[in-house]
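Here are a few notes to read alongside the coordinates. I hope they help you find your way around before you set anything up.

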Amino acid sequence: MNTPQSFVEAWCAHQGAVVEPWAEGVEILQPTELITALGLPEHARYSEQPAPGSVWVGYGSPVLERILQAATREVPWAALVLEPYAAPREAMARKAAERFSLRNAVYTLEEVRVEAAARLVASARYSLLADDRRDGLVEETVSLSQRVSVPGFWEAARASGSLHPAAAPPAGEELAEAVRAALMRGEALARIQARGYLEGFARRQERDLRRVEEYFQGLRAELNKRSLRAKVTPEDRALKAAAIDRERAAKLQELSERGQVRLAVALAAAVWVEAPVAGLALRTRRRKAERTVRLEYDFATQHLLGPACEACGLDAPLPALCDERLHVICARCVPRAEGRWECPAGPH
Ligand SMILES: [Zn+2]
Ligand SMILES: [Zn+2]
């Protein structure tokens, strides 16, 4: 079974440590690099339960955290080229482009070009931290030129052709941009995947808030009763009321701080794939202005990829264009595209 201890054992051994099983854990003689890089003792016993005389490596222990960070610093990835079994047909891309629509603008199809384009298939791991911790894994594929998702790409690519190692793997800014776009969408996916957890947390927060309010209402009612029975002087009453208000404010502040949900998303593994696409250029018109908007038809998934929203950066399958600069805007950023609206991608 894969336990924190077996992971620590395997990883340290891989780094050159001498590992010796021991009744309640494992004994490890660390190589110099790990002693200096991770601050691990030269020779020690490790166990999953905190115990005197041994280094604790159970879930949540600082040493396990350090080792996990070191182990995941290098992201495994591969660069491949997809050779489709069937030649891509331009007509399919044209047909898909004809079904595309803008919410408040018209267009003509200017250009269709069959070419190769890059996709980044990214596995991202996430940690959600609130009153409890939730970890998970999401997968997301993005098109490099469009910076939008390509749903189902990995399965479709393996089914529609053969994959070969790429001659020139990508690097630098292009790769960094792709990773950014994938992680941004991975974050949104993580929130969807952890919806139950987030809703449960919100319910617990609400319940705690209600309890705090009930408690302080009780205190105030008690104070009122006592002052009605003339058991407290008006000065005393004012002091006590102020103290209750202060305490309530502090409690509410504490609750709202505890109510923050932190989400961290990191790349766990990635595959870069060059695949056949059709690059499409649309000449769009809105009132008197014109602008070219680019789309991409993905032959592996037989899917037309819309543009990315120029305000929020997420996918805009049914975009609207702003009046002045004809920015592409998604339906979340501007739900109603009729009439005049302020462009969220401004300033113009
Ligand atoms: Zn948007
Ligand atoms: Zn605009």
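1. Burial comes first: 26% of the 348 residues of the chain count as buried. Please keep in mind that this is a predicted model, so that figure describes a prediction.

2. On overall form, the chain holds eight helices and 13 strands. Its radius of gyration is 29 Å, whereas the globule rule gives 20 Å for 348 residues, so the chain is more spread out than a compact globule. The C-alpha trace covers about 85 × 70 × 30 Å along its principal axes. As for how the chain connects to itself, 61% of the contacts with a separation of 6 or more are between residues 24 or more positions apart.

3. Two helices deserve a look on screen. Helix H7 takes up residues 195-228, 34 residues in total. From its first C-alpha to its last H7 reaches 49 Å, close to the 50 Å expected at 1.5 Å a residue. Just after H7 comes Ala230, with a positive phi of about 60°.

4. Helix H8 follows, at residues 234-258. Its 25 residues should span 36 Å at 1.5 Å a residue, and the end C-alpha atoms are indeed 36 Å apart, so the two agree. How many of the residues of H8 are buried? The count is zero, and H8 is hardly covered.

5. If you want a place to start with the strands, try S5, residues 77-84. This strand pairs with S9 (residues 262-286) in the parallel sense, over five bridges, and Val81 has Glu274 in S9 as its bridge partner. S5 also pairs with S8 (residues 161-165), here in the antiparallel sense and over five bridges. In that pairing, Pro84 is matched with Gly161 of S8.

6. Now to the nonpolar interior. In soluble globular proteins, nonpolar side chains tend to be buried together. Here the largest nonpolar core has 54 residues, and the members that touch the most others are Leu120, Ala182 and Ile329. Separate from this is a second core of twelve residues, among them Ala17, Val26, Tyr46 and Val55.

7. One last residue to click on is Ile329. Which residues is Ile329 in contact with, leaving aside its neighbours within four places in sequence? The list includes three cysteines, Cys309, Cys322 and Cys343, and the prolines Pro319 and Pro344. Ala311, Ala316, Ala320 and Ala345 are also in contact with Ile329, as are Glu310 and Val334.

How values were computed. Residues numbered from 1 in each chain as written. Chains lettered and ligands numbered in written order. Predicted model: local features only at pLDDT ≥ 70, side-chain atom pairs only at ≥ 80, totals over all residues. Helix = DSSP H or I, 4+ residues; strand = E, 2+ residues; numbered from the N terminus. Rg over C-alpha atoms; globule rule 2.2 N^0.38 Å. Buried ≥ 20, exposed ≤ 12 C-beta atoms within 10 Å, placed from the backbone. Contact = placed C-beta atoms within 7 Å. Expected span 1.5 Å × (residues − 1). Pairing = 2+ DSSP bridges. Core = buried A, V, L, I, M, F, W, Y, C linked by C-beta atoms within 7 Å.
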